[in-house]
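New notebook page, new structure. I'll jot down what I look up as I go.

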Amino acid sequence: MNALYVICGVGVFALLAEVLNLKKWISNIALAGLIAAIAWIVFDWRSVSYRFQGMMYFDHVALAFTALILIVTFFWFWMAKDFFSSDEHITEKSALVLFVVAGAIMMVAFNNMAILFLGLEILSISLYVLAGSNKLSLFSTEASFKYFLMGSFATGFLLFGITLVYGATGSFNISVISNPAQGMMSVATATQGIPRFYFIGMLLMMVGLAFKISAVPFHLWAPDVYEGSPTPVTTFMLTVVKIAAFSAFVKIFSVTFSKYAPTLQLLEQGIMVATLVVANIAAVAQSNVKRMLAYSGVAQVGYLLLAFSSDSAKSAGIIFYYLAAYSAATLLAFTVIKIVEAQRGSASADKFKGLFKSNPLVGVAMAIAMFSLAGIPPLAGFFGKYLVFTLSVGSHFVGLTVLAVITSLIGVYYYFKPVVAMAQAGENKLSVSVPDRYLLILLMAINILIGIFPDLIRVI
Amino acid sequence: MLVVFSKNPVYSILYLIITFFSIAGHYVLLNAQFLAAVHVIVYAGAIMVLFLYVIMLLNLNKETEPHKSNLAKIAAVICAGTMMVVLVASLRGASQMMPNSGGNIGLVKNLGKVLFNEFLLPFEISSILLLAAMVGAVMVGKMDHNIPPVANNQKPNDNNN
């Protein structure tokens, strides 16, 4: 909760910085605010509590996901320094990013549908603008518009779902919703049992959230939006937003609707199979690395869903680890893409040629990121996949696990494409600024470290 | 019905305003005066005027209407129809349910009490939402000083014709 206050405060302060003439310091202030928020979470770790009459609930899962979001945002601000220095709107951009983080924290820690909805809206509205923040590019505008239309449609589904569930249970509070028999007594005694539209509401909420995590039947916006948005914004969407949306998904369907887990499990597995197959096969055909990673971001949701649908009660820790590993690798990959894009014009695979020779550090960083996403030991991505597969085999979903292994083998093929391109002869010269160099080294270290010692971050 | 079947979009918006007024009338009958007033002000007032402006600015007419393939139309009809069937089926029988509240749940006084006690946090957080939306609108709307005279021309190679 304190972390949320800090983030909102820093966000508002970032807006005031325009007046106070502190533009140059905004990034540093935001970084300081993020560190303060992370520190608050460490202090809050022992005090699991409901806040504001049960509006928000900070248990260990929520605190851990909040910390993950804040840490990823910290690295993101480091990586995206030039996103804030290149042109105007510095204050607006940084304020919007901080508001996204605030919305993400709400989505992680909500205990009431009103908070979930508000968090999601704060997050999406800020993102619509950020996706279009490169006004000179048609693609960026297109991405923003597409995201806006699709996103508002998804929000409509979610809101309709919340309304129907409210109509059935008479409450927004998820502890009442998860136990509808109690709520029913107060709302309607005329009918026996739960009204049917309770389930329709549940399904509509699943549709709305599946849009947000970009699972397959609802993923069509993802590649275009991720490719068109400015690279730092894409990184942000693939990491922070995905963490927030997926943990909201987990909370809704493992806590709120836990009674109907067997029915939901079938649906989740259907979505999961479609996600794994479609996204992995579509990614093979991509020549632009950014677009390829967009599809890979969709595919990773499939593995997360495999863990979640196998055993939703035990999966929180594994999902946390997987998301941490995935975010670390994605941040690393996009730092490299940002450098390449800034100096060679685009992020298509042939621009990566000769990277091992011209700048070994960048080349090795990209290779580590790709290996980690593909799931090659001893990197973090391998243990993420390993934990997921162990869980699903443990729950006797052997067929689905085999399918997931096959699709991840397809994944190895397309993740290796940029690595192969880097080994070929090509353009020379690629300079890296000093902060970027430190960032690359640090992220590489993180990728290897949490791969070798996965217990370091298995806090929940 | 008139909203959907009018040829001219401006007329259908005017009919939509009538629909909103009738919904507001229902709210009054349900003893929710505040909701009725807000409904008229927000929907019939602000949002419909926005719609009108957009439609007039876009200058929609028959010639500029994009052609949609029949397949897409059929798919859309099937999806929407299935959705409607499911919703109608699930809402059937809902009218037997009895509301648990007294008659004056929609009055401003009760609404304020709920808003500032139980729902204080969402109320305050919606200020962040509105602030974010406002900042976003300003950012999209504000002219950049460094935009060259011909904007949207960053990648001329992509537009061959």
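**Entry 1: a helix pair in chain A.** I started with how α3(A) and α4(A) cross, and the crossing is right-handed. Worth noting straight away: this is a predicted model. For orientation, I wrote down that α4 covers residues 90–109 of chain A, while α3 runs over residues 60–79. Their axes come within 9 Å, and I get a crossing angle of roughly 160°. That angle is over 145 degrees, so I put α3(A) down as roughly antiparallel to α4(A).

Next I asked myself which residues make the contact. On the α3(A) side I found Ala62(A), Phe65(A), Thr66(A), Ile69(A) and Thr73(A). From α4(A) come Val101(A), Ala104(A), Ile105(A), Val108(A) and Ala109(A). Sorted by class, I have 8 nonpolar residues and 2 polar ones, with no charged residues in this contact.

**Entry 2: Leu63(A).** I stayed on α3 of chain A, where Leu63(A) sits. Is Leu63(A) buried or exposed? I noted 23 C-beta neighbours inside 10 Å, and the cut-off for buried is 20 or more, so Leu63(A) counts as buried. Leaving out residues up to four places away in sequence, Leu63(A) touches Ile41(A), Asp44(A), Trp45(A) and Phe58(A). I also checked Val48(A), which is 15 residues from Leu63(A) along the chain; their C-alpha atoms are 8.8 Å apart.

**Entry 3: chain B.** Here I looked up the domains. The assignment gives domain 1 as 1–61 and domain 2 as 107–142. Taken over C-alpha atoms, the centres of these two domains of chain B are separated by 23 Å.

Methods: Residues numbered from 1 in each chain as written. Chains lettered and ligands numbered in written order. Predicted model: local features only at pLDDT ≥ 70, side-chain atom pairs only at ≥ 80, totals over all residues. Helix = DSSP H or I, 4+ residues; strand = E, 2+ residues; numbered from the N terminus. Buried ≥ 20, exposed ≤ 12 C-beta atoms within 10 Å, placed from the backbone. Contact = placed C-beta atoms within 7 Å. Axes fitted to C-alpha atoms, helices over the stretch in contact; angles between N-to-C directions. Parallel < 35°, antiparallel > 145°, perpendicular 65-115°, else oblique. Left-handed = near helix turned anticlockwise from the far one by under 90°. Nonpolar A, V, L, I, M, F, W, Y, C, P; charged D, E, K, R; others polar. Domains from an automatic or database assignment.
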